[in-house]
Amino acid sequence: MGRPPGLSVRLKLTLSYAGFLLLAGALLLVAVGVFLLRQGWLETNEAGAVRVTPGTLFVRGFAPTAGAMVVFLLVFGLLGGWILAGRMLAPLDRITHATRTAAAGSLSHRIRMPGRRDEFRELADAFDMMLAQLEAHVAEQRRFAANASHELRTPLAISKTLIDVARADPHHDTGELVERLHTVNTRAIDLTEALLLLSRANQRSFTREQVDLSLAAEEAAETLHPLAEKHGVTLETSGDIAPTSGSPALLLQLAINLVHNAIVHNLPERGTVRVRTSNRPHSAVLTVENTGEQLTPRRVATLTEPFQRGTERIHTDQAGVGLGLAIVKTITEAHDGSLTLTPRPGGGLCITVELPAASGG
């Protein structure tokens with residue numbers, strides 16, 4: 001951004017210091033002159049003219065000295081102001097250097113301003129904190145991009161291999177080839193749609209409307225009921241009306257992802273999924289609880305990371321793309337809510353989504 005050249009802050013502060021010092025000196029000299037006038041060193045007649053008295057000799061001798069003092073104050077103010085301004089603005093030089101270093105792409109640089117807390121050091125600490133968060137965010141985005149590229153490359157590589165095999169063997173069973181290509185391409189499409197959904201939620205590019213979480217939970221359960229029956233999982237829904245504000249499509253996707261995750265991460269048979277909605281003083285709550293394998297808190301803490309999958313998936317045909325809970329977390333954060341994952345003592349997981357209650361709801 002182009003700006004016309006101007007005076008530096010240091011020069012402005014220097015001129016301000018010198019100006020105030022000069023003004024203070026001039027006022028002091030005026031006060032001395034008024035004092036001398038009132039003490040009789042200077043006298044005036046009825047016409048207002050100054051009458052020479054013995055004290056006038058002192059004033060005449062004092063005037064050159066006063067002028068010299070004014071000049072001295074001006075020079076001293078400029079020199080002292082320049083030095084003081086430089087010392088005061090030295091922290092800004094370090095902050096500016098760190099800003100330019102960060103703009104050049106080095107986010108690992110930190111100011112680490114020494115000394116006691118003041119405005120400059122608070123600014124430096126805030127800048128260091130911002131750089132740390134930005135560095136972590138960039139690292140996460142790079143890791144996500146690398147994982148996404150790897151996940152997308154896998155189905156494409158499989159498709160290429162299948163096509164190469166078919167070209168090398170014209171008598172190969174085309175029906176089997178088409179079926180396998182269909183499966184691989186479906187997975188690639190699901191992954192692409194999940195990435196787009198994740199990006200949309202991250203950007204918060206949606207219009208907020210009033211949404212009842214209980215209706216979203218019921219629709220998700222109804223949609224996935226055939227999948228639950230196929231895998232022998234009992235799906236239970238209950239709860240109260242839970243109004244919140246947000247995107248109906250994204251919140252429905254959140255509920256579907258939670259229920260789907262609870263079904264595919266369950267016991268081989270006679271598993272259970274419980275979906276409940278409730279209200280708290282200032283929030284609407286959706287809870288999805290399922291039976292399943294024993295999970296450690298350390299393992300649970302990684303489940304919302306992109307492309308993290310359970311170590312033991314019971315149903316391999318529903319392996320997913322590793323973005324289910326990552327999408328849930330992103331949608332929750334986009335709606336200013338909180339997501340809590342808690343391992344159940346008997347095995348399985350309890351996931352709680354808490355969103356701000358709709359105003360007037």
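Start by selecting R112, which in this predicted model sits in the loop that joins α2 (54-103) to α3 (119-168). Its phi is near 50°, a positive value in a residue other than glycine, and with a relative accessibility of 61% R112 counts as exposed.

Keep the backbone displayed and move along the chain to R270, in the loop between α6 and β6 (271-280). Here too phi is positive in a residue other than glycine, with a value near 60°, and R270 counts as exposed at 76% relative accessibility.

Before going further into the interior, zoom out to the whole chain, where eight helices and nine strands can be coloured separately. Of the 361 residues of the protein, 34% count as buried, while the accessible surface comes to about 22,200 Å², with 59% of it belonging to carbon and sulfur atoms. If contacts are drawn for pairs with a separation of 6 or more, 70% of them turn out to link residues 24 or more positions apart.

Next, select helix α8 (residues 324-334) together with helix α4 (residues 174-203), whose axes lie 8 Å apart and make an angle of about 20°. The two helices are therefore roughly parallel to each other, and the crossing of α4 and α8 is left-handed. Showing side chains at this contact brings up A194, L197, L198, A201 and N202 from α4, which meet A326, I327, T330, I331 and A334 from α8. By class, the residues of this contact of α4 with α8 divide into eight nonpolar and two polar, with no charged residue.

Hide α4 for a moment and stay with α8: how many of its 11 residues are buried? Eight of them are, so α8 is largely enclosed by the rest of the structure. The buried residues to select in α8 are L325, A326, I327, V328, T330, I331, T332 and A334. Bringing the surroundings back shows what these buried residues pack against, namely α4, α6, β8 and β9. Just beyond the helix, pick D336, which follows α8 and has a positive phi, near 60°.

From α8, turn to α6 (residues 248-264) and add helix α5 (residues 213-230), since this pair offers another helix contact to inspect, with axes that come within 9 Å and cross at roughly 35°. The crossing in which α5 passes α6 is right-handed. On the α5 side, select A216, A217, E219, A220, L224, L227 and A228, which meet L251, L252, A255, I256, V259, H260 and I263 of α6. The residues of this contact of α5 with α6 divide into 12 nonpolar, one polar and one charged.

For the last stop, go to the loop between β8 (338-343) and β9 (349-356) and select G347. Is this glycine buried or exposed? G347 is buried, with a relative accessible area of 1%. To see part of what surrounds this glycine, display its contacts while leaving aside neighbours within four places in sequence, and the partners that appear are N290, T291, G292, E293 and Q294. A distance label between the C-alpha atoms of G347 and N290 should read 8.4 Å, although these two residues are 57 residues apart along the chain.

Key:
Residues numbered from 1 in each chain as written. Predicted model: local features only at pLDDT ≥ 70, side-chain atom pairs only at ≥ 80, totals over all residues. Heavy atoms only, no water. Helix = DSSP H or I, 4+ residues; strand = E, 2+ residues; numbered from the N terminus. Buried < 20%, exposed > 50% of the residue type's maximum accessible area, 1.4 Å probe, protein only. Contact = heavy atoms within 4.5 Å. Areas by Shrake-Rupley, 256 points an atom, 1.4 Å probe, with all protein chains shown as cover. Axes fitted to C-alpha atoms, helices over the stretch in contact; angles between N-to-C directions. Parallel < 35°, antiparallel > 145°, perpendicular 65-115°, else oblique. Left-handed = near helix turned anticlockwise from the far one by under 90°. Nonpolar A, V, L, I, M, F, W, Y, C, P; charged D, E, K, R; others polar.
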